[in-house]
Amino acid sequence: MAALASSIILSAPSSLKKSTLSSLSWRLPLNVSLPRHQRRRASPVFVVVSMDAKPTILVAEKLGEAGIDLLKGFANVDCSYNLSPEELCTKISLCDALIVRSGTKVSREVFESSAGRLKVVGRAGVGIDNVDLAAATEHGCLVVNAPTANTVAAAEHGIALLTAMARNVAQADASIKAGKWQRNKYVGVSLVGKTLAVMGFGKVGTEVARRAKGLGMHIIAHDPYAPADRAHAIGVDLVSFDEAISTADFISLHMPLTPSTSKILNDENFAKMKKGVRIVNVARGGVIDEDALVRALDAGIVAQAALDVFTVEPPPQDSKLVHHENVTVTPHLGASTMEAQEGVAIEIAEAVVGALRGELAATAVNAPMVPAEVLVELKPYVTLAEKLGRLAVQLVAGGSGVKLVKVTYASARAPDDLDTRLLRAMVTKGLIEPISSVFVNLVNADFTAKQRGIRISEERVILDGSPEKPLEIIQVQIANVESKFASAISESGEIKVEGRVKDGVPHLTKVGAFEVDVSLEGNLILCRQVDQPGMIGSVGSILGEENVNVSFMSVGRISPRKQAVMAIGVDEKPSKEGLRRIGEIPAVEEFVFLAL
């Protein structure tokens, strides 16, 4: 590895040294090693490069002039648009940075063709679906995006679709141009006094809420991370997901596309909505089951929909959804204003230039590597930290804003001998990534938490004993929230989970005041029950009938024949019917299923 570093330093401009040496990632498997063919190339290669030479930045898609001017003040800029994959692979070996929008696929072949010279890829926009992040990380290339500049543009487009849908603007326009005059057919609905549910109360959702308030609408919102005081400050009530979709007259989607939000508007959830609801989506197409939406439109459950995004873009020409009479569509125009395009150009240019200067990028979506020896030692604790964060946030009841998080480390090592930045970043990753499109890493963890109003404090408890192990326990507490599993609330009122590493495997050892011992693998079922004989068998029988494999089971109790908490590790998620049957066991007082 030292030889590889020597090669990079000798062949790169001095402005790139710092970013190169800090560009390896813990998003890879922590025991990864370089492939044999890369090790053969890792011997020192002496390349004569002027140490004050400018780096070269390839701009592969149209970028605003303000961004281009900023880049030209720092680097040689090559604006080459509409490159074929082969042409991009040919050019990239001469470039230190690449800037793309959504139309250029930055594949593994691109990174391999760069032969190690490419140091940063800038995505002028939010989504990074067209960039192979794993390949970027393996090749030591930082990936940055521009997540904030198009906020107002996206919010304005959401409002434009909302009002156009309510008054049938697109349909009436097409009717007149077809030579018809159908005033009675296109009677609309008023927005004043109607309830708008904003699903996802981040930057765009907040701006939509502000504007909709000005239209006289009543605003409710659902977002597990939104602080209640921020919402209340602009007159918005935070509610649960079910309450939001069941009480709204209009629903505006602003949530990221994650495994938990994919097709979240489906047949089951459409059935919960008020008949005649109207839906706007300027977020991600995949959050709606498009076939289910067509069925809901045909059944009259959904009166109208206005869509800027689709599961497949462009959608098929014969799409029933696109051609539905009660659907208004636009071709992903959320960020398409002159001002937003210029803002994105400046934001991505600043991020790319900063990365080439070796500065830490707040908008990085992959992470620099920490020293190999630290990773080897912390590997199981890194996993434990993320799992505890993921577990804790899933225990938060809907509508409760996560604001105060405390992470406690118990170790026999002196504070100076234990760097917890990586562990704190992984707790943050576990807290945020399950319901966010943000990739949290060592670079952007603190920035991302701060953006979402989450304050994470750390405490270290010094233990007696040998400092051979870096840590004995990690504890995560979330304050000032309600819990969907009351037993997770500690004596002091916070959601509390605690874990340790046993034989290299992360284990959950405490939930609230209850001691448990279960491996943090697969998924987890927590049950609070009356401590009595036969409970393990009762729950185990249901899981067996569901063909759900149990990996671990542990029971912690306050005292015999009183209350106990059973933690069950399962490989698969039981069906809704199976979970219902567990909840109906007379001795079970509460339970929750958690995906890890």
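**Figure 1. Glu86 sits exposed in helix α5 of this predicted model.** Glu86 has a relative accessible area of 56%, so Glu86 falls in the exposed class (exposed is over 50% relative accessible area, buried is under 20%, and partly exposed is in between, with a 1.4 Å probe and protein chains only). The helix that holds Glu86, α5, covers residues 85–92 (helices are DSSP runs of H or I with at least four residues, strands are runs of E with at least two, and both are numbered from the N terminus). Val110 is 24 residues away from Glu86 along the chain, and the C-alpha atoms of the two are 8.9 Å apart.

A word on conventions: residues are numbered from 1 along each chain as its sequence is written. Because the model is predicted, local features need pLDDT of at least 70 and side-chain atom pairs count only at pLDDT 80 or more, while totals for chains, interfaces and linings use all residues; side-chain values use heavy atoms, with hydrogens and water left out.

**Figure 2. Arg413 is buried in a loop and paired with Glu377.** The loop runs between β13 (404–411) and α17 (421–432). Arg413 counts as buried because its relative accessibility is 14%. Its side chain makes a polar contact of 2.5 Å with the side chain of Glu377 (a polar contact is a pair of N or O atoms within 3.5 Å; within protein, one must be able to donate a hydrogen and the other to accept it, and residues adjacent in sequence count only if both atoms are side-chain atoms). Leaving aside residues up to four places away in sequence, Arg413 touches Glu377, Ile462, Pro467, Glu468, Lys469 and Pro470 (contact means heavy atoms within 4.5 Å).

**Figure 3. Helix α4 meets helix α15.** The axes of α4 (residues 65–72) and α15 (residues 338–356) come within 7 Å and cross at roughly 20° (axes are lines fitted to C-alpha atoms, for helices over the stretch in contact, and angles run from 0 to 180 degrees between N-to-C directions). The crossing angle therefore makes α4 roughly parallel to α15 (roughly parallel covers angles under 35 degrees). On the α4 side are Glu65, Ala66, Gly67, Leu70 and Leu71, which meet Glu342, Ala345, Ile346, Ala349, Glu350 and Val353 in α15. Sorted by class, this contact has 7 nonpolar, 1 polar and 3 charged residues (Ala, Val, Leu, Ile, Met, Phe, Trp, Tyr, Cys and Pro count as nonpolar, Asp, Glu, Lys and Arg as charged, and the others, Gly among them, as polar).

**Figure 4. Helix α14 has a capped start and five named buried residues.** In α14 (residues 290–299), Ala292, Leu293, Val294, Ala296 and Leu297 are buried. These buried residues pack against α13 (267–270), β11 (302–307) and β12 (327–329). At the N-terminal end, Asp289 acts as the cap, with a side-chain oxygen 3.2 Å from the backbone nitrogen of Asp291. After α14 comes Gly300, with a positive phi near 80°.

**Figure 5. Three loops show backbone features to look at.** A cis peptide bond joins Glu313 and Pro314, with omega about -5°, and Pro314 is in the loop between β11 and β12. Ala115, a residue other than glycine, has a positive phi near 55°; Ala115 lies between α6 (108–113) and β4 (120–123) and is exposed at 67% relative accessibility. Lys263 also has a positive phi near 55°. Lys263 belongs to the loop between β9 (250–253) and α13 and is partly exposed, at 44%.

Technical notes
Parallel < 35°, antiparallel > 145°, perpendicular 65-115°, else oblique.
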